[in-house]
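Grab a coffee and open the viewer. Here is a set of short exercises, each with a worked solution, to help you find your way around one protein chain.

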Amino acid sequence: MRFESDLWVPRPLDDVFAFFSDAANLEALTPQWLHFRILTPQPIAMRPGTLIDYRIRLHGIPISWQSEITDWSPPRQFVDEQRRGPYRRWIHTHTFAAEGIGTRVSDRVDFEVPFGWLAGRFVLRDVEKIFAFRRRQLVKRFGSG
């Protein structure tokens with residue numbers, strides 16, 4: 001399955017990418033109902049091969065999650081891939097592009113879940129809620145167009 005989202009914010013590319021470069025800011029972009037916590041000691045040096053461990057609680061179930069930064073191309077893109085967690089596959093591509101006086105922030109998540117298509121539709125609803133929250137938080141931080 002694939003989920004895609006983009007948002008234009010009225011801030012320069014370097015400012016927006018700097019925010020995303022700090023893994024600690026992921027907590028601010030994640031809804032409280034996930035009880036998201038980064039376990040990896042900070043600061044985290046972002047580069048290809050960096051492993052980041054998290055803990056979340058999804059529908060009341062505690063889940064350990066590890067992602068690896070597989071592409072680090074500042075200030076245009078980075079990719080994190082699940083190495084351990086609830087999905088069979090989770091690849092999150094973050095793309096940033098200067099656009100006018102601001103920045104286009106785009107996300108593409110390719111994922112596969114256990115138990116097939118029906119479970120995938122259920123998970124997709126959660127992903128949509130998570131990214132709706134993320135969008136609101138980015139607008140609060142950077143403004144909107």
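The exercises below all concern this predicted model.

**Exercise 1. Work out which residues of helix α1 are buried, and on which side of the helix they sit.**

Solution. Step one: find α1, which covers residues 13-21. Step two: pick out its buried residues, which are L13, V16, F17, F19 and F20. Step three: look down the axis. These residues span an arc of only 155°, so they end up on the same side of α1. As background, an α-helix makes a turn every 3.6 residues, so positions three or four apart point the same way.

**Exercise 2. Describe the largest nonpolar core: how many residues does it have, and which have the most contacts inside it?**

Solution. Step one: count the members, and you get 37 residues. Step two: look for the hubs. F20, I52, F96 and F111 have the most contacts inside this core. Step three: trace where the members come from. At least two residues each are supplied by β1, α1, β3, β4, β6, β7 and α2. The largest share, six residues, belongs to α2. A general point to keep in mind: in soluble globular proteins, nonpolar side chains tend to be buried together.

Step four: zoom in on one hub. Setting aside neighbours within four places in sequence, F96 contacts L13, V16, F17 and F20, as well as P75, R76, Q77, F78, T103, R104 and V105. Four of those names should ring a bell from the first exercise: L13, V16, F17 and F20 are among the buried residues of α1.

**Exercise 3. Find the cavities of 30 Å³ or more and say what lines them.**

Solution. Step one: search the whole structure, which turns up two cavities of that size.

Step two: take the largest cavity, with about 560 Å³ of space. It has 29 lining residues, and those closest to its centre are L26, T30, F36, H92 and R134. α1, β3 (51-58), β4 (61-73), β5 (77-84), β6 (89-99) and α2 (116-142) each give at least two residues to the lining. α2 makes the largest contribution, five residues. Sorted by character, the lining has 20 nonpolar, five polar and four charged residues.

Step three: do likewise for the second largest cavity, which holds about 50 Å³. Its lining is made of S5, D6, L7, V105, D107, F131, R134, R135 and L138. The elements giving two or more of these are β1 (2-9), β7 (102-112) and α2. Here α2 again supplies the largest share, four residues. The split this time is four nonpolar, one polar and four charged.

Step four: cross-check the two lists. R134 is one of the residues closest to the centre of the largest cavity, and R134 also lines the second largest one.

**Exercise 4. Decide whether W72 is buried or exposed, and list what it touches.**

Solution. Step one: place W72, which is in strand β4. Step two: apply the cut-off. Buried means under 20% relative accessible area, and W72 comes in at 18%, so it counts as buried. Step three: list the contacts beyond four places in sequence. W72 touches F17, S21, M46, R47, P48, Q77 and F78. Step four: check a distance. W72 and H59 are 13 residues apart along the chain, with 32 Å between their C-alpha atoms.

**Exercise 5. Go through the backbone and say where the cis peptide bonds listed here and the positive phi values fall.**

Solution. Step one: recall the usual picture. Most residues other than glycine have a negative phi, and most peptide bonds are trans.

Step two: look at the cis bonds. One runs from Q42 to P43, with omega near 5°, and P43 is in the loop between β2 (37-38) and β3. Another joins P74 and P75, with omega about -5°; P75 sits in the loop between β4 and β5.

Step three: look at phi. H35 has a positive phi, near 50°, and belongs to the loop between α1 and β2. H59 also has a positive phi, near 55°, in the loop between β3 and β4.

Step four: check exposure. H35, at 46% relative accessibility, counts as partly exposed, and H59 does too at 49%.

How values were computed:
Residues are numbered from 1 along each chain as its sequence is written. This is a predicted model: local features need pLDDT of at least 70, side-chain atom pairs count only at pLDDT 80 or more; totals for chains, interfaces and linings use all residues. Side-chain values use heavy atoms; hydrogens and water are left out. Buried means under 20% relative accessible area, exposed over 50%, partly exposed in between (1.4 Å probe, protein chains only). The arc is that of the directions from the helix axis to the C-beta atoms. On a 1 Å grid over the protein atoms alone, a cavity is a set of points where a 1.4 Å probe fits but cannot get out, and a pocket is an open set with protein on both sides within 12 Å along at least five of seven lines; lining residues have an atom within 4 Å of a point. Grid points are joined across faces, edges and corners, and a volume is the space filled by probe spheres set on the points. Ala, Val, Leu, Ile, Met, Phe, Trp, Tyr, Cys and Pro count as nonpolar, Asp, Glu, Lys and Arg as charged, and the others, Gly among them, as polar. A nonpolar core is a set of buried Ala, Val, Leu, Ile, Met, Phe, Trp, Tyr and Cys residues joined through side-chain atoms within 4.5 Å. Contact means heavy atoms within 4.5 Å.
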